[in-house]
Structure formats: structure tokens, C-alpha cells
2 protein chains.
Amino acid sequence: MELYSGYINKLVDELAALPGIGNKSAQRLAFHIIGMPQDKVNRLANVMMEAKANVRYCSQCFTLTDSDVCPICSKPGRNHRLIMVVENSRDLAAYEKTGKYDGVYHVLHGAISPMIGIGPADIKIKELLDRCKGDVEEVILATNSSLEGESTAMYISKLLKAAGIKVTKIASGVPVGGDLEYIDEVTLSRALDGRVEL
Amino acid sequence: MELYSGYINKLVDELAALPGIGNKSAQRLAFHIIGMPQDKVNRLANVMMEAKANVRYCSQCFTLTDSDVCPICSKPGRNHRLIMVVENSRDLAAYEKTGKYDGVYHVLHGAISPMIGIGPADIKIKELLDRCKGDVEEVILATNSSLEGESTAMYISKLLKAAGIKVTKIASGVPVGGDLEYIDEVTLSRALDGRVEL
């Protein structure tokens with residue numbers, strides 16, 4: 001027998017299909033949504049559909065945006081000869097929040113992962129190479145320090161170096177405020193290898 | 001400066017306003033939704049609006065349903081002289097899953113909480129009293145064992161007893177599989193008070 005009404009079950013199923021939302025949270029959310037005023041539910045639903053319909057890739061850096069060129073690429077004063085390569089728009093946002101970077105970005109939309117069938121052609125690597133045919137001084141690799149992120153960085157680095165472009169990689173080491181005893185060995189040995197003279 | 005496009009920011013804000021979804025999860029969800037095919041996004045949005053528009057209270061037990069009388073109240077074989085009082089439809093679902101209860105329910109939609117201004121008139125207590133004017137044998141109180149749930153149970157119990165109706169309360173005690181050393185003192189002393197002879 002159906003516990004709730006068909007409408008509630010359908011909503012719970014749809015919500016539970018979203019990443020990071022289990023069945024219990026989906027139920028909680030569904031009941032919350034049903035308890036919201038109709039106009040607020042409509043607004044939430046419309047914002048979803050509008051975002052999906054209007055958001056596309058920036059024609060320069062491939063981040064998600066609603067204009068042809070994203071706010072970062074079109075901002076005066078950004079150094080277009082410095083390109084930071086990130087895996088996705090969230091990583092871009094994380095770096096942008098530091099306020100310490102005045103170059104532009106290149107969003108790959110993923111990392112090379114043969115395990116799940118993602119090859120170099122499935123992410124925006126060709127587009128990066130095309131950009132680098134222009135006037136580029138340095139490409140900073142800021143892919144994640146996972147196996148996939150590292151392999152992607154290696155792959156890109158080889159191609160760009162062959163094209164004579166300066167390639168750097170963001171430092172890996174002990175995070176600020178991190179307690180040494182809780183940090184994994186790989187990070188610790190990288191921090192040691194990357195030590196700098198004071 | 002806006003990091004993302006206006007559409008993404010709006011979606012993140014709407015999602016972050018839902019319960020249990022922080023800013024980081026809202027971002028993750030927003031990007032996931034933007035990455036979904038348009039027809040799936042539309043389906044999710046429509047299911048939300050439909051559920052909100054079609055779900056109402058069961059005219060008997062006040063649980064959320066899409067018909068005048070919910071599947072439980074309209075199921076043949078349920079004992080309508082036995083009413084279990086719960087705070088919300090999720091609690092009803094939890095008991096219904098046990099498969100051990102053949103009575104019907106009464107959903108209060110909250111608990112009395114003077115701290116946040118919820119009085120007896122704000123939840124479905126009057127409706128419960130009205131139901132109890134009919135042929136009712138026993139009312140089982142299954143509100144949460146929080147301060148609010150307990151006070152609500154006490155309040156209802158006084159009213160029903162005054163009307164000459166048998167009122168019981170689900171047992172509180174040590175949960176099955178619970179390790180004594182991790183259980184709080186209040187639960188332990190309740191379990192002691194409620195001990196049964198073997």
C-alpha cells in the first residue's frame with residue numbers, strides 16, 4: 001500500500017535522485033515543500049527551469065554563465081595571459097573567493113578517468129590548447145590532488161610544454177591550521193619535498 | 001562582482017533556503033541541476049508544483065494525502081476505534097512501516113511550544129477531540145519524547161480523560177540494540193520505571 005499520496009511519493013523519488021540527498025532527507029524536503037506557500041514553490045520550480053534553460057558555457061573559459069562571455073573573462077583588468085585550469089566552476093569560485101588571483105580561468109568540466117570512461121576528448125582540453133595558441137604567458141594547473149586530477153595535470157602539462165608554454169602547478173602541502181598528526185603521509189611527504197627556504 | 005551568472009545565484013539561494021541544505025550543498029545541487037537534461041529538470045519542477053497543488057489534509061486523520069480520505073483511513077480492516085496521535089506524517093509513516101498497527105492515526109502537524117508561539121489552537125487538537133466524540137475505544141499518544149512532545153501528550157491526555165476516553169502512551173525505554181553505556185540518563189531511568197515482569 002502506498003503510505004503517502006502518489007504526488008508525495010513522486011516528489012520524494014525525484015528529490016532522492018539528486019546527489020547527496022538520501023531517502024530520509026528527500027522525505028523531509030518533500031514535506032517541507034508541500035508546506036511552503038504555492039507561490040514560493042512555483043518560484044523555486046521556475047528558477048530551476050530558467051537556470052537550466054539559460055545557463056551555458058562561457059565562450060572563452062567554459063565556466064557556466066548566462067552571457068556569451070562570463071563576468072570574469074569580461075572584467076577589465078584581468079590578466080588574459082595567465083590561465084588557471086580547474087576541473088569545474090565550483091573550484092573556480094573557490095579560487096575567486098581568495099581575491100588573490102587576477103588572471104583568467106579555464107574550466108575542464110571533469111578530469112581524465114579511464115575507470116569511468118572519461119578520456120581527454122571528453123573534457124575541455126582541446127579548447128585549452130586552442131586558447132594557448134594565442135598570447136599566453138603561463139598556465140597554472142589547479143586540478144584536484146586526486147589520482148584523476150593529477151593525471152589530468154600531467155597530461156595537459158606534457159602537451160603545453162611541447163607547445164613551449166610555461167606550465168606551473170599549485171603547491172601541495174600542509175593546509176593552514178592543519179594539525180600535523182591528522183594529516184596523511186602523502187601530503188606530509190609532499191610538504192617536505194616542496195619545502196621553501198626562509 | 002557576481003561569481004556565477006544571476007540564474008545560478010538565484011537557484012543557489014532558493015536551494016539554500018530549504019531545510020538541511022547549506023550553501024555548499026546548494027551550490028553542488030545547483031550545478032547538478034544545470035547539468036541535468038532539460039526534460040528532467042522540467043519534470044522535477046513540475047512534480048514539485050503538482051505535489052504542492054494537489055496534496056491536502058485527509059478529512060479524517062489530517063495526514064497529507066491527495067484524496068479526501070487517505071489510503072490508511074479508507075483501507076478496509078483498519079480499526080477506527082483505535083487512534084494513534086502523532087506529530088507529523090513522517091512519524092505516521094515510521095509506525096506504518098512496522099506493519100504492527102491496525103488502528104488509524106491522527107496527525108497534529110506540530111507540538112505545543114510556547115517558546116516559538118505554538119499553542120493548542122495551532123495544531124489539530126480540536127479536530128482530535130471532535131473525532132473522539134464518535135465511537136473511540138483508545139487513543140495512543142505517540143508524540144516525540146521531546147519537551148514539546150511530552151507537554152502536548154500531557155495536555156491531550158487531560159482533555160481526553162476528562163471526556164472519559166482511555167488514553168495510553170507508547171513506552172519509552174532503551175532502544176533495541178542500544179548499548180547501555182551510550183544511552184542518556186533520562187532514558188535509562190524511564191526504562192527502569194517502565195520495567196516489566198518476565
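The largest cavity of this predicted model has a volume of about 50 Å³. A search of the whole structure finds one cavity of 30 Å³ or more. Both chains line the largest cavity. From chain A come Leu15(A), Leu18(A), Ile21(A), Leu29(A), Ile33(A) and Met48(A). From chain B come Leu15(B), Leu18(B), Ile21(B), Leu29(B) and Met48(B). By class, the lining holds 11 nonpolar residues. Polar and charged residues are absent from it.

Met48(A) leads on to the interface. This residue lines the largest cavity, and it also belongs to a trio with Tyr7(A) and Lys52(A). How much do the two chains bury between them? The figure is about 5200 Å², with 73% of it on carbon and sulfur atoms. Tyr7(A), Met48(A) and Lys52(A) supply 14% of the area that chain A buries against chain B. No other three residues supply more. In terms of contacts, 51 residues of chain A meet 51 residues of chain B.

Now take the symmetry. A rotation of 180 degrees superposes chain A on chain B, with an RMSD of 0.1 Å. The shift along the rotation axis is 0.0 Å. Such a relation is that of a two-fold axis. Which C-alpha of chain A is nearest the axis? It is that of Ala45(A), 2.2 Å away. The contact surface fits the same picture: 100% of the interface residues of chain A are also interface residues in chain B, so the copies meet through the same surface.

One residue shows the contact between chains in detail. Val47(B) sits in helix H3 of chain B, which spans residues 38-54. Is Val47(B) buried or exposed? It is buried, with a relative accessible area of 7%. Leaving aside residues up to four places away in sequence, Val47(B) touches Lys10(A), Leu11(A) and Glu14(A). Those three partners carry the chain A label.

Next comes the largest pocket. About 620 Å³ of space lies in it. Its lining counts 25 residues. Nearest the pocket centre lie Ala142(B), Thr143(B), Asn144(B), Ser145(B) and Ile170(B). Which helices each supply at least two residues of the lining? They are helix H2 (23-35) of chain A, and helix H5 (89-98) and helix H8 (185-193) of chain B. H5(B) gives the most, with six residues. By class, the pocket lining divides into nine nonpolar, eight polar and eight charged residues. The lining of the largest cavity, by contrast, has no polar and no charged residues.

Two backbone details remain. His109(A) is not a glycine, yet its phi is positive, at about 60 degrees. Where is His109(A) placed? The residue lies in the loop between strand E4 (103-107) and helix H6 (125-131) of chain A. His109(A) is partly exposed, with a relative accessible area of 25%.

Phe62(B) likewise is not a glycine and has a positive phi, of about 70 degrees. Its loop runs between strand E1 (56-57) and strand E2 (64-65) of chain B. Is Phe62(B) buried or exposed? Its relative accessibility is 14%. Buried means under 20%, so Phe62(B) counts as buried.

Note on methods: Residues are numbered from 1 along each chain as its sequence is written. Chains are lettered from A and ligands numbered from 1 in the order in which they are written. This is a predicted model: local features need pLDDT of at least 70, side-chain atom pairs count only at pLDDT 80 or more; totals for chains, interfaces and linings use all residues. Side-chain values use heavy atoms; hydrogens and water are left out. Copies are superposed by least squares on the C-alpha atoms of residues with pLDDT of at least 70 in both. Contact means heavy atoms within 4.5 Å. Helices (H or I, at least four residues) and strands (E, at least two) are DSSP runs, numbered from the N terminus. Buried means under 20% relative accessible area, exposed over 50%, partly exposed in between (1.4 Å probe, protein chains only). On a 1 Å grid over the protein atoms alone, a cavity is a set of points where a 1.4 Å probe fits but cannot get out, and a pocket is an open set with protein on both sides within 12 Å along at least five of seven lines; lining residues have an atom within 4 Å of a point. Grid points are joined across faces, edges and corners, and a volume is the space filled by probe spheres set on the points. Ala, Val, Leu, Ile, Met, Phe, Trp, Tyr, Cys and Pro count as nonpolar, Asp, Glu, Lys and Arg as charged, and the others, Gly among them, as polar. Buried area is the accessible area (1.4 Å probe) that two parts lose on being put together, summed over both.
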